[in-house]
Amino acid sequence: MDSITDVIKWVASISGMTAALIVSLDLGRRATGFGFVIFVASSIAWFAGAYLTEDWALGTQNGVLFAINVLGVYRYLVRQSV
């Protein structure tokens, strides 16, 4: 079980860093929205890792970050810009 948890945490970590880079580069609405999609996946992976290790603080944090990142996806990919 530890090796699966380690893989999940590494995927979460690398995807979070990648998403942060994409969002920080400010390459336009579509790219930023894609960065938020990666953040959503990262939050899900972190939540799964937290669940497997019973780390409820990390799970709570990533539950909240998941909601924030879904808002980012909505704002940059779903909602029409004004």
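## Starting point: Y76

Y76 is partly exposed, because its relative accessible area is 30% and partly exposed residues fall between the 20% and 50% cut-offs. The structure is a predicted model, and Y76 is a good way into it. Y76 lies in helix α3. Its ring has a partner in helix α2, namely F36.

## The chain as a whole

The protein chain holds 3 helices and 0 strands. Read from the N terminus, the order of elements is α-α-α. The C-alpha trace spans about 45 × 20 × 15 Å along its principal axes.

The chain has 82 residues, and 29% of them are buried. Its accessible surface comes to about 5500 Å². Carbon and sulfur atoms account for 68% of that surface. Now take the contacts between residues at least 6 apart in sequence: 61% of these join residues at least 24 apart.

## Aromatic rings

How many aromatic pairs does a search of the whole structure find? The search finds 3. One of the pairs is F36 with F39. Their ring centres lie 6.1 Å apart. Their planes meet at 50 degrees, so this pair is tilted. Both residues sit in helix α2. They are 3 residues apart there, which means that about one helical turn separates them.

F36 also pairs with Y76. This pair is stacked, with 5.7 Å from centre to centre and 20 degrees between the planes. F36 belongs to helix α2 and Y76 to helix α3, so the pair ties together parts that are 40 residues apart in sequence.

F36, F39 and Y76 form one aromatic cluster. Is F36 buried or exposed? F36 is buried, because its relative accessible area is 15% and the cut-off for buried is under 20%. Its partner Y76 is partly exposed, at 30%.

## Helix α3

Helix α3 runs through residues 56–78. The helix has 23 residues. From its first C-alpha to its last, α3 reaches 31 Å. That is close to the 33 Å expected at 1.5 Å a residue.

Which residues of α3 are buried? They are L58, G59, N62, N69, G72 and V73. The cover over these buried residues includes α2.

## S43, seen from α2

Helix α2 covers residues 29–53. S43 has its place in this helix. At 4% relative accessibility, S43 counts as buried.

What does S43 touch, leaving aside its neighbours within four places in sequence? S43 is in contact with N62, L65, F66 and N69. Two of these names, N62 and N69, also appear among the buried residues of α3.

## A nonpolar patch on the surface

Some nonpolar side chains face outward. F34, V37, L71, Y74, L77 and V78 form a nonpolar patch on the surface. Together they have about 540 Å² of accessible area. Two elements, α2 and α3, each give two or more residues to the patch. The largest share comes from α3, with 4 residues.

L71 is one of the patch residues. L71 lies in helix α3. With 48% relative accessibility, L71 counts as partly exposed, because exposed residues need over 50%.

## Putting it together

Helices α2 and α3 come up again and again here. The stacked pair of F36 and Y76 links them. Helix α2 is part of what covers the buried residues of α3. Both helices also give residues to the nonpolar patch.

Terms used: Residues numbered from 1 in each chain as written. Predicted model: local features only at pLDDT ≥ 70, side-chain atom pairs only at ≥ 80, totals over all residues. Heavy atoms only, no water. Patch = residues over 30% accessible without salt bridge, like charges linked within 9 Å, V, L, I, M, F, W, Y side chains within 5 Å. Areas by Shrake-Rupley, 256 points an atom, 1.4 Å probe, with all protein chains shown as cover. Salt bridge = Lys/Arg side-chain N within 4 Å of Asp/Glu carboxyl O. Buried < 20%, exposed > 50% of the residue type's maximum accessible area, 1.4 Å probe, protein only. Expected span 1.5 Å × (residues − 1). Contact = heavy atoms within 4.5 Å. Phe/Tyr/Trp six-rings, centres within 6.5 Å; stacked < 30°, edge-to-face > 60°.
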